[in-house]
Amino acid sequence: MSRYKVKKVCCIGAGYVGGPTMIVFANKCPDIQFKVVDLNLSRINAWNNKDLTKLPIYEPGLENLLKKCRDKNLFFLTDIKSSIAEADMIFISVNTPTKKKGIGAGKASDLKWIEASARQIAEYSTGHTIIVEKSTLPVRTAETIKKILESSYKQLSKDKSSKTFSVLSNPEFLSEGNAINDLENPDRVLIGGESQNAIDSLENLYVNWIKKEKIIRTNLWSSELSKLAANAFLAQRISSINSITAICEETGADIKQVSLAIGSDTRIGDKFLNPSPGFGGSCFQKDILNLIYLCEFYNLKEVANYWQSVLNINNWQKFRISKLVLDKLFGNISEKKISILGFAFKANTNDTRNSPSIDICKELLEEGANLSIYDPKVSSEQINLDLNSSSKSEDKGSWEFCNSIEESVINSHAILILTEWDEFQKINWLKLSKIMQKPYWIFDTRFCANRKDALDAGFNYWSLGSQ
Ligand code: NAD
Ligand code: UGA
């Protein structure tokens with residue numbers, strides 16, 4: 001039995017991790033109160049919106065679960081102070097992006113939001129508090145958090161005996177678009193820490209729905225490193241299969257067949273062998289860069305180079321696709337309309353962070369193309385933020401936001417599929433071919449179009465990893 005019975009939980013950060021994670025916790029632990037706090041008022045308002053289609057993130061299954069617990073044992077609010085003060089356990093789920101300036105810029109994680117959270121906890125917490133790192137962090141960050149808690153606490157509190165802390169690492173392995181399933185049925189839960197009592201307390205929450213055998217207990221540093229390494233391994237598989245797509249296109253081998261053949265070896269396994277225009281998302285690149293920074297810090301140059309090569313292939317894959325579109329369209333796409341189907345970094349999410357679509361679209365815009373972009377879940381405002389930050393050259397192309405596939409495709413010379421949304425797999429190619437400019441092309445980077453249907457409809461057809 002654990003010494004600390006957790007009754008009130010606070011989660012700092014109401015983003016893609018904090019929101020869904022606490023929604024699942026609140027459903028599985030109805031006797032515990034969960035408060036999710038964020039500095040961002042509009043995000044909190046969106047989580048509290050009565051209209052469930054206006055939640056800040058799109059995630060299948062999220063609305064139904066939210067309905068069951070919101071304003072019962074789950075609350076979204078900006079009142080950070082009192083939520084921290086009453087909590088027995090605090091999850092830190094804030095963003096940890098790559099540093100943009102200063103030492104380690106472009107590689108190290110920017111820990112300013114982590115530090116701010118630690119300082120808030122130091123200031124407002126009362127009694128004993130278990131701090132849980134949910135964010136993905138460089139190895140040994142828990143030490144920094146502990147130091148901040150101790151030193152800030154010395155400055156801020158006169159009654160030292162009334163505040164104590166235990167720090168745990170409990171990285172999150174959910175993937176966007178499948179978050180609810182990943183949270184409800186995780187392959188494993190990882191808890192790293194020094195205090196067995198604190199680990200027991202967190203484990204007591206998880207055992208409400210997860211078998212104890214799935215809970216891995218480690219020291220703090222193994223837990224922090226395992227998260228970075230797991231993401232690096234996943235990304236490495238994608239770069240590996242993407243590197244093979246290029247060989248397939250040269251040789252006549254077919255990547256789908258090769259992927260099946262490789263993945264049928266149970267030692268390799270069939271997951272994460274889908275070729276793509278490159279991996280995107282907020283984490284793979286950031287976490288590999290973080291790993292590289294760590295290797296360089298410890299003078300492990302060869303290891304750093306190894307992981308850098310995973311990123312190099314990813315960047316090369318994106319560039320190679322935009323170049324291929326240009327080459328196939330007679331080396332000139334200036335003022336040609338190209339329909340972009342899919343802008344999110346993967347299907348079933350509205351998230352565009354590091355989406356391969358961004359880099360590919362920017363390259364096409366540099367060549368003067370006019371892009372008509374359709375994505376079922378990404379807003380025009382988001383695309384504007386993602387594309388307009390690029391440097392402007394004089395004869396750059398333009399882009400427009402479209403509300404349907406047809407609106408995007410009408411009068412275009414080519415269709416470039418970049419996200420594997422279900423609706424792209426149901427397209428009637430014959431119907432679309434009639435509203436396009438001849439000769440019309442499909443460039444399919446996600447295996448959405450059926451080759452035979454596309455050819456029967458008169459398209460020139462290119463699909464990743466085949467001739
Ligand atoms: P996010 O940007 O969607 O959300 C982070 C939130 O924290 C923001 O809303 C921000 O306003 C808030 N915040 C920052 N500082 C704060 C403070 N001091 N007080 C209150 N709120 C504060 O980020 P995310 O995608 O949820 O990722 C969070 C962490 O989880 C990152 O470390 C990431 O690497 C990790 N992670 C993300 C995923 C994923 O699928 N997105 C999966 C596993 C792990
Ligand atoms: C990934 C990991 O899968 C999660 O375990 C981890 O918790 C998370 O990162 C994180 O730390 O943020 P996520 O980025 O949400 O999750 O989505 P993935 O399904 O991993 O896809 C990432 C990118 O890889 C996408 O662009 C996707 O299209 C691409 N991908 C994925 C492929 O190109 N091929 C595949 O076979 C799988």
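How many helices and strands does the protein chain have? In this predicted model, the protein chain has 17 helices and 14 strands, assigned as DSSP runs numbered from the N terminus (helices H or I, at least four residues; strands E, at least two). Local features need pLDDT of at least 70 and side-chain atom pairs count only at pLDDT 80 or more, while totals for chains, interfaces and linings use all residues; side-chain values use heavy atoms, with hydrogens and water left out. Residues are numbered from 1 along each chain as its sequence is written, with chains lettered from A and ligands numbered from 1 in the order of writing.

The C-alpha trace spans about 75 × 50 × 45 Å along its principal axes. The radius of gyration of the protein chain is 24 Å, which agrees with the value near 23 Å for a compact globule of 467 residues (taken over C-alpha atoms; the rule is 2.2 Å times the number of residues to the power 0.38).

Ligand 1 is surrounded by 28 residues, of which Asp-38, Arg-43, Thr-96, Glu-176 and Lys-286 come nearest (a residue is near if one of its heavy atoms lies within 4 Å). By class, this shell holds 10 nonpolar, 11 polar and seven charged residues (Ala, Val, Leu, Ile, Met, Phe, Trp, Tyr, Cys and Pro are nonpolar, Asp, Glu, Lys and Arg charged, and the others, Gly among them, polar). Helix 5 (residues 112-124) contributes the largest share, four residues. Oxygen atoms of ligand 1 lie 2.6 Å from a polar side-chain atom of Lys-286, 2.7 Å from a side-chain N or O atom of Arg-43 and 2.9 Å from a backbone N or O atom of Thr-136. Taken alone, ligand 1 exposes 830 Å², and the protein buries 93% of that (Shrake-Rupley method, 1.4 Å probe).

Around ligand 2 there are 20 residues, the closest being Leu-174, Glu-176, Asn-274, Ser-276 and Cys-283. Glu-176 thus appears among the nearest residues of ligand 1 and among the closest of ligand 2. The shell of ligand 2 divides into 10 nonpolar, five polar and five charged residues, and helix 9 (residues 220-251) gives the most, with four. A polar side-chain atom of Ser-276 is 2.5 Å from an oxygen atom of ligand 2; the corresponding distance is 2.8 Å for Asn-231 and 2.8 Å for Arg-446. Ligand 2 exposes 700 Å² when taken alone, of which the protein buries 90%.

Notes: A polar contact is a pair of N or O atoms within 3.5 Å; within protein, one must be able to donate a hydrogen and the other to accept it, and residues adjacent in sequence count only if both atoms are side-chain atoms.
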